[in-house]
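Visitor: I'd like a close look at one part of this fold rather than a full tour. Could you pick a helix, walk me through its surroundings, and take in some charged pairs on the way?

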Amino acid sequence: MAQLLVVSSQLDTGARPEAVLPAIGLLAHDLRSAPADTNALTESAKADVVVIDGRSNLANARTVCRLFVSSGITLPILLVVTEGGLAAINGDWGVSDLILDGAGPAEFDARIRLLLSSNESDGLIQSGGIVIDEAAYSARLGDAPLDLTYTEFELLKYLVTHPGRVFSREHLLADVWGYDYFGGTRTVDVHIRRLRAKLGPEHESLIGTVRNVGYRFSS
């Protein structure tokens, strides 16, 4: 299940995205919405895919697409357009894929899955607004880089790769630190606290505590 941000000139922040794209509402994804302005950049912090509605105001949609490009946010962008709008779209829009107005939920879902898998195949792991670049050994939250130690990076990568799954401290210690590590499970708690501090107060809840069990990443 992915986090989708639906951006439309017909939406205000907090409005229901199903109001303008009913097919999206039938998918098993978490949905958020944003108006087609700079607010979309802020709202994208926890998104895995941005769906931009360009059907009624194509010029505005282009502006928002290019805002994402200029800000350095590399989330996949799925642009919804009418057939008449296809002729206006070119590479400088920075969109990852297009879908025509009237497409059903199955096509939306397939395109979203392909966008997510494409990012992973490029060495990028994305969830909840966090982007892990395995090749560069770097991580960022939105467009802000995260200054992580080696172990913090490995722990965050492990959690982000398994969103929603609960891991005990012993499990994390074995898989992230390795079976030859002789320290106690308290080191897991210390690293979780450090990760939360680096994510900041607005995003520390991405790493949740499950009482008497362990931790999970909530995308």
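Guide: Let's fix one term before we start: a residue is buried when its relative accessible area is under 20%, exposed when over 50%, and partly exposed in between. Asp109 is therefore partly exposed, with a relative accessible area of 21%. Keep in mind that this is a predicted model.

The helix I'd pick is α5, residues 150-161. Take its meeting with α7 (residues 186-199): the two axes come within 10 Å and cross at roughly 85°. Angles from 65 to 115 degrees count as roughly perpendicular, so that is the word for α5 and α7. On the α5 side the contact uses Thr151, Glu152, Leu155, Leu156 and Leu159, and α7 brings His191, Ile192, Arg194, Leu195 and Lys198. Sort those contact residues and you get 5 nonpolar, 2 polar and 3 charged.

Now turn to α6, residues 169-177. Its axis and that of α5 also come within 10 Å, crossing at roughly 120°, and α5 passes α6 in a right-handed crossing. Here α5 offers Thr151, Glu154, Leu155, Tyr158 and Leu159, while α6 answers with His171, Leu172, Asp175, Val176 and Trp177. This contact divides into 6 nonpolar, 2 polar and 2 charged residues. Notice that Thr151, Leu155 and Leu159 turn up in the contact with α7 and again in the one with α6.

One more α5 residue deserves a stop: Lys157. With a relative accessible area of 17%, Lys157 is buried. Leaving out residues up to four places away in sequence, Lys157 touches Ile125, Ile132 and Glu134.

As for charged pairs, the model has 13 salt bridges in total. Back at Asp109, its side chain meets that of Arg113 in one of them, at 3.5 Å, N to O. Asp109 and Arg113 sit 4 residues apart in helix α4 (residues 105-121), so about one helical turn separates them. Arg113 is partly exposed too, at 49% relative accessibility.

Arg32 and Glu43 make another salt bridge, at 2.8 Å, N to O. Arg32 belongs to strand β2 (residues 30-35) and Glu43 to helix α2 (residues 39-43), so this pair ties together parts 11 residues apart in sequence. Arg32 is partly exposed at 29% relative accessibility, whereas Glu43, at 18%, is buried. And if you like networks, have a look at Asp53, Arg55 and Asp101, which are linked by salt bridges.

Technical notes. Residues numbered from 1 in each chain as written. Predicted model: local features only at pLDDT ≥ 70, side-chain atom pairs only at ≥ 80, totals over all residues. Heavy atoms only, no water. Axes fitted to C-alpha atoms, helices over the stretch in contact; angles between N-to-C directions. Helix = DSSP H or I, 4+ residues; strand = E, 2+ residues; numbered from the N terminus. Parallel < 35°, antiparallel > 145°, perpendicular 65-115°, else oblique. Contact = heavy atoms within 4.5 Å. Nonpolar A, V, L, I, M, F, W, Y, C, P; charged D, E, K, R; others polar. Buried < 20%, exposed > 50% of the residue type's maximum accessible area, 1.4 Å probe, protein only. Left-handed = near helix turned anticlockwise from the far one by under 90°. Salt bridge = Lys/Arg side-chain N within 4 Å of Asp/Glu carboxyl O.
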